[in-house]
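These are my notebook entries on a structure that I have not examined before. I looked up charged pairs, cysteines, the nonpolar surface and unusual backbone angles, in that order.

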Amino acid sequence: MPDVTLIACCLWGGWVAFNLLMVALAATVLPVRQAHFDGFRARLPASLPKLLSPAEIAAVVAHEHGHRYRMHVWSNLALRCVFLTPGARRRRRQELEADDYAAARGHR
C-alpha cells in the first residue's frame, strides 16, 4: 500500500505546480483586457492611450508597481498553495495599498 504522506505530498506538489502555471499563463498567453500586474510586469491594454491622458496612464502604472512592490501576486499565490483563497477584504486592502504607493509617488 502506498504511503499516504507521499501521496499527499505529490497531490500538493501538483496543486502548487498548477497555481504557478496559472501565474505563468496570465503573464504570457492571456489577452490584456484591463491594467494589472501579473507577477512579472505591469500589463496595460493597447486601448489605454485612447482612454486616458499620459498623467493618468502614469498613475495606473504606478498603482500596478505598487502591487509589485508589495508582492501581492506572490502572497496570494502562497495562500492558494495552502488551499486558502484571498478574500474580498484582502483584495480591497491590496488595492488601497497599491493606491497609497502611487499617491506617495505623486499620482492621485
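**Entry 1: Salt bridges**

I began with Glu97, which forms a salt bridge with Arg70, the closest N and O atoms being 3.3 Å apart. I note that the model is a predicted one, and I read each distance in that light. I then looked up where the two partners lie. Glu97 belongs to helix α5 and Arg70 to the loop between α3 and α4, so the pair ties together parts that are 27 residues apart in sequence. I recorded Glu97 as buried, because its relative accessibility is 16%. Arg70, at 43% relative accessibility, counts as partly exposed.

I next asked which other side chain meets Glu97 in a salt bridge. The partner is Arg93, with an N to O distance of 3.2 Å. Both residues of this pair, Arg93 and Glu97, lie in helix α5, four residues apart, which is about one turn of the helix. Arg93 is partly exposed, with a relative accessible area of 42%.

I then turned to Asp38 and Arg43, whose side chains meet in a salt bridge at 4.0 Å, N to O. Are these two residues buried or exposed? Asp38 is buried, with a relative accessible area of 4%, and Arg43 also counts as buried, at 11% relative accessibility. I noted further that Asp38, Arg41 and Arg43 are linked in a network of salt bridges. My count for the structure comes to four salt bridges.

**Entry 2: Cysteines**

I asked how many disulfides a search of the whole structure finds. The search finds zero. I wished to know why Cys9 has no bond to the closest cysteine sulfur. That sulfur is in Cys10, and it is 7.0 Å from the sulfur of Cys9, too far for a bond; a disulfide would require the two sulfur atoms to be within 2.5 Å. Cys9 is partly exposed, with a relative accessible area of 48%.

Cys81 is likewise in no disulfide. The nearest cysteine sulfur to Cys81 is that of Cys9, 14 Å away. I recorded Cys81 as buried, because its relative accessibility is 10%.

**Entry 3: Nonpolar surface**

I looked up the nonpolar surface and found a patch of about 1000 Å². Its members include Trp12, Trp15, Phe18, Leu21 and Met22. Val82, Phe83 and Leu84 are also among them. I chose Met22 for a closer reading. Met22 is placed in helix α1, residues 4-28. With a relative accessible area of 35%, Met22 is partly exposed.

**Entry 4: Positive phi angles**

Phe83, already listed in the patch, drew my attention a second time. The phi of Phe83 is positive, about 65°, although the residue is not a glycine. I located Phe83 in the loop between α4 and α5, the latter covering residues 88-104. Phe83 is exposed, with a relative accessible area of 56%.

Met71 gave me a further case. Its phi is near 55°, a positive value in a residue other than glycine. Where is Met71 found? I placed Met71 in the loop between α3 (54-69) and α4 (72-81). At 47% relative accessibility, I entered Met71 as partly exposed. I note in closing that Arg70, from my first entry, lies in the loop between α3 and α4 as well.

Definitions and conventions. Residues numbered from 1 in each chain as written. Predicted model: local features only at pLDDT ≥ 70, side-chain atom pairs only at ≥ 80, totals over all residues. Heavy atoms only, no water. Helix = DSSP H or I, 4+ residues; strand = E, 2+ residues; numbered from the N terminus. Buried < 20%, exposed > 50% of the residue type's maximum accessible area, 1.4 Å probe, protein only. Patch = residues over 30% accessible without salt bridge, like charges linked within 9 Å, V, L, I, M, F, W, Y side chains within 5 Å. Areas by Shrake-Rupley, 256 points an atom, 1.4 Å probe, with all protein chains shown as cover.
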